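This report looks at pairs of oppositely charged side chains and at how far the partners are open to the surroundings. Please keep the structure in view while reading.

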Amino acid sequence: MTKSLVTETSMSSLDVSLESNLFLRTLFRELSGTLQKVVGLEEASGLISVVGKSMGREIDRKYKSALQVYNLSREQVAEVLVDLKNRIQGDFYIIEQTDEKIVFGNRVCPFGDNIKNRPSMCMMTSNLFGSIAAENLGYAKVELQETIAKGNPGCRVVVYLRLTKEAENAPGREYFK
């Protein structure tokens with residue numbers, strides 16, 4: 001009979017790279033990859049969008065409660081979007097902010113290397129940004145100009161806040177209050 005490793009060492013001291021955050025990122029990567037393979041990129045993106053919209057409503061509610069406001073201003077929306085992404089280990093920042101749009105940059109994907117070849121996962125960003133902006137400002141259109149998932153060195157996300165000619169011509173998803 002072989003002696004169990006457990007008797008010689010504690011399971012928790014084993015060198016197994018597995019903790020909650022890594023586990024959930026890997027789970028999300030595998031789920032999105034399976035969806036992309038089974039139903040295609042467009043349908044997978046749509047399904048992830050549903051989850052993102054629901055999460056956006058909940059996160060919006062939490063920030064409004066913490067700030068003790070009924071509605072977020074444009075400046076607060078921009079700050080909230082940066083803060084929420086950075087809290088989940090992204091490296092988002094504001095490149096430009098006007099009444100018509102907010103342009104964000106990002107140097108580190110919150111999903112880490114798990115994002116590679118999983119562009120459907122970017123729908124989480126689109127829906128979080130779009131639903132929070134639209135809920136507070138009435139309208140948003142999110143354009144994912146560059147993404148780490150598609151091989152860019154960083155992300156460039158434009159959130160249009162008004163239906164201008166530029167917004168109208170930009171590819172992306174629209175969100176309404």
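In what follows, a residue is called buried when its relative accessible area is under 20%, exposed when that area is over 50%, and partly exposed in between. Because Glu166 has a relative accessibility of 42%, Glu166 counts as partly exposed. The model discussed here is a predicted one.

Side chains of opposite charge can pair when their charged atoms come close. In this model the count comes to eight salt bridges, and three of the pairs are set out below.

| Pair | N to O distance |
|---|---|
| Glu58 and Arg61 | 2.5 Å |
| Glu166 and Lys101 | 2.9 Å |
| Glu100 and Arg162 | 3.6 Å |

The partners Glu58 and Arg61 both belong to helix α3, which covers residues 41-67, and they stand three residues apart, about one turn of the helix. Glu58 counts as partly exposed because its relative accessibility is 34%, and Arg61, at 47%, is also partly exposed.

The salt bridge between Glu166 and Lys101 joins helix α6 to strand β2, so the pair ties together parts that are 65 residues apart in sequence. Lys101, with a relative accessibility of 14%, counts as buried.

Glu100 forms a salt bridge with Arg162. Glu100 lies in the loop between β1 and β2, whereas Arg162 lies in the loop between β4 and α6, so this pair ties together parts that are 62 residues apart in sequence. Glu100 is partly exposed at 34% relative accessibility, and Arg162 is partly exposed at 43%.

Finally, Arg74, Glu75 and Asp99 are linked to one another in a network of salt bridges.

Note on methods. Residues numbered from 1 in each chain as written. Predicted model: local features only at pLDDT ≥ 70, side-chain atom pairs only at ≥ 80, totals over all residues. Heavy atoms only, no water. Salt bridge = Lys/Arg side-chain N within 4 Å of Asp/Glu carboxyl O. Helix = DSSP H or I, 4+ residues; strand = E, 2+ residues; numbered from the N terminus. Buried < 20%, exposed > 50% of the residue type's maximum accessible area, 1.4 Å probe, protein only.
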